[in-house]
Amino acid sequence: MKKLIELGVSEQEAESKAALFQRADQALDKVHADSHRWSLWVPGRIEVLGKHTDYAGGRSLVCALERGFCVQVAPRRDSVLRAISLDKRQVFETNLVSPVAGQPSTWTQYIATVVSRLSTNFERVNRGADIVYAADLPADAGMSSSSALVIATFIALSKANDLRSNTVFRSVISSGEELAAYLGAVENGRSFRHLGTEGDGGVGTFGGNQDHTAILCSEPNAIARYGWDPVKREALLALPPGFVFALASSGVHAPKSGAARAKYNRVSLAARKLVELWNKDTGRDDHMLGSVIGTVDGAAESIRKLAAKYRGKDFTATYLKGRLEQFIEETFEIIPAASDALQRESMTEFGLVVDHSMRLAEAFLGNQVPETVTLQRSARELGAVAASAFGAGFGGAVWALVPEGDADAFLTRWSENYRKKHKKPGKEAVFFLSRAGPHAYQF
């Protein structure tokens, strides 16, 4: 508990984490007699702004949550990985020498993906571990529980196999941002530099590495602004004193699997389609929408015209035009304006800018559901200085920035209003407070 407080977690949250670590340690005692073990703290994240921008080379504002995974790890003498989820009440076993697939669309797929990729990319990653995961982060709620699980598993196996002494690893990964980019590629089934996939398709999502970067690189009481092509921290913005985040998971689950994954991937594929149209028209070989628009004069208008003329079966011209406008405004107008407002502590202006981002998501991304719209609008009506849905969408969560002195009362009013209007999802909704927290840590 003391270490978490030193890192920047509040005393109340640190106390609850101490109980989770104790549960995880007790569970580890049942399967592993050796006292040699270590602990990991891996938080979830808040995407303050940056809706579907990272994988297209845009910008984001992100911070870590004070909720996440408390993990206990004990290295083994063989190559078996035994993963124990206290929340799922399930155990999954695989082997670093001969990995087995996880169950599609479950937590085990994320574990199996990390094991398979490490075995492919690095030699002598053959020492297993017993890992116990205990979480207080709502699952499938847009708070990056899946990416946190990927990161926790990687860190555990990295230490067990002394991966930081591996020549190949050190040649390609030397910073938190580079590690986040690699783990984003692991999760999404992409190559990272010369580290290939050899047929490993990840978990099937076409995302980026925003979540991994937020989890690995955030700092307490601050919001980080990142550009994604190339990955670069552009600013670290202090959260104005006297404010705290109120979080609500809507109870409409948004797993990166099945129908939700298809909807998520469609938003990503639309950004790819815009670049594809641009390349075909110009003969170029660009990869990221953000770098095209940000570096080529007149590119935005050219792509607007190409989108308007598109007559393919996969997307309508109207959807492509809206997707383009949302990306341009979020990346080049909204996030710079929000950053400036935060620096000046102009919270009224910040709230208005965030409201505009939410309207764009509703109108052009099409990734909002009635429950997240209710939560965002209700938060503003109840006095939040800013509020927005975040994550992939199609369910998930909403953040609200509120005065700390009124936070508990706000949370009560917010949850009561929501549960009156949305009775069924309201039964599974979770409401809590969090400061901008510290990054993942091993101790």
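In the predicted model, helix 14 comprises the 15 residues 407-421, and because a rise of 1.5 Å a residue should give a span of 21 Å, the separation of 21 Å between its end C-alpha atoms agrees with that expectation. The buried residues of this helix are Ala407, Phe410, Leu411, Trp414, Ser415 and Tyr418. Around the axis these residues cover an arc of only 125 degrees, and they therefore lie on the same side of helix 14. The face of helix 14 that is turned away from this buried side carries Asp408 and Lys420, both of which are exposed. The elements that cover the buried residues of helix 14 include strand 8 (243-249), strand 10 (397-403) and strand 11 (430-434), together with helix 13 (370-381) and helix 15 (423-426).

With respect to its cysteines, the structure holds 0 disulfides, a disulfide being counted where two cysteine sulfur atoms lie within 2.5 Å. Cys70 takes part in no such pair, since the nearest cysteine sulfur, which belongs to Cys63, is 18 Å away. Cys70 has a relative accessibility of 0% and therefore counts as buried. Cys217 is likewise in no disulfide, and for this residue the nearest cysteine sulfur, again that of Cys63, is 13 Å away. Cys217 has a relative accessible area of 8%, and is therefore buried, the cut-off for this class being under 20%.

Methods:
Residues are numbered from 1 along each chain as its sequence is written. This is a predicted model: local features need pLDDT of at least 70, side-chain atom pairs count only at pLDDT 80 or more; totals for chains, interfaces and linings use all residues. Side-chain values use heavy atoms; hydrogens and water are left out. Helices (H or I, at least four residues) and strands (E, at least two) are DSSP runs, numbered from the N terminus. The expected span of a helix is 1.5 Å times one less than its number of residues. Buried means under 20% relative accessible area, exposed over 50%, partly exposed in between (1.4 Å probe, protein chains only). The arc is that of the directions from the helix axis to the C-beta atoms. Contact means heavy atoms within 4.5 Å.
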